[in-house]
Amino acid sequence: MTSPEPVHIRDESIRLGQLLKLAGLVEDGAMAREVIAAGQVSVDGAPETRRGAQISAGSIVELAGQQIEVVTGEAEIDVPW
């Protein structure tokens, strides 16, 4: 299995529905609500069915075989010299 893709957030936590949209795993809030309610999303290996669940930095979220890791702070930008 490949390592999870990092998703950077500004605060210490983020709601699950917002995280899925931020990571590009779903197109909108309605789609987030559907996949979460259907039990298709896991957080740290356990199914999560609450769209408003607070997800903290360091958590691993999975949907349809895609994994993301929540990271606080700004993403590093690789600038060519």
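The face of helix α2 turned away from its buried side carries two exposed residues, E34 and A37. This is a predicted model, so the picture below is a computed one.

On the other side of the story, helix α2 spans residues 29-37 and has A32, V35 and I36 as its buried residues. Seen down the helix axis, these buried residues fall within an arc of 100°, so they line one face of α2. The general rule behind such a pattern is that an α-helix has 3.6 residues a turn, so residues three or four places apart point the same way. What lies over the buried residues of α2? The cover includes α1 (16-22), β3 (41-43) and β6 (60-63).

Now to the two ends of the helix. At the N-terminal end, D28 acts as the cap of α2, with a side-chain oxygen 3.2 Å from the backbone nitrogen of A30. After α2 comes G39, whose phi is positive, near 75°.

Two residues are worth setting side by side, M31 in helix α2 and S42 in strand β3.

| Residue | Relative accessible area | Class |
|---|---|---|
| M31 | 33% | partly exposed |
| S42 | 16% | buried |

Why does S42 count as buried? Its relative accessible area is 16%, and buried means under 20%. Leaving aside neighbours within four places in sequence, S42 is in contact with P47, E48, I60, V61 and E62.

As for M31, its C-alpha atom and that of Q67 are separated by 17 Å, and the two residues are 36 residues apart along the chain.

Terms used:
Residues numbered from 1 in each chain as written. Predicted model: local features only at pLDDT ≥ 70, side-chain atom pairs only at ≥ 80, totals over all residues. Heavy atoms only, no water. Buried < 20%, exposed > 50% of the residue type's maximum accessible area, 1.4 Å probe, protein only. Helix = DSSP H or I, 4+ residues; strand = E, 2+ residues; numbered from the N terminus. Arc of directions from axis to C-beta. Contact = heavy atoms within 4.5 Å. Polar contact = N/O pair within 3.5 Å; in protein donor to acceptor, adjacent residues only side chain to side chain.
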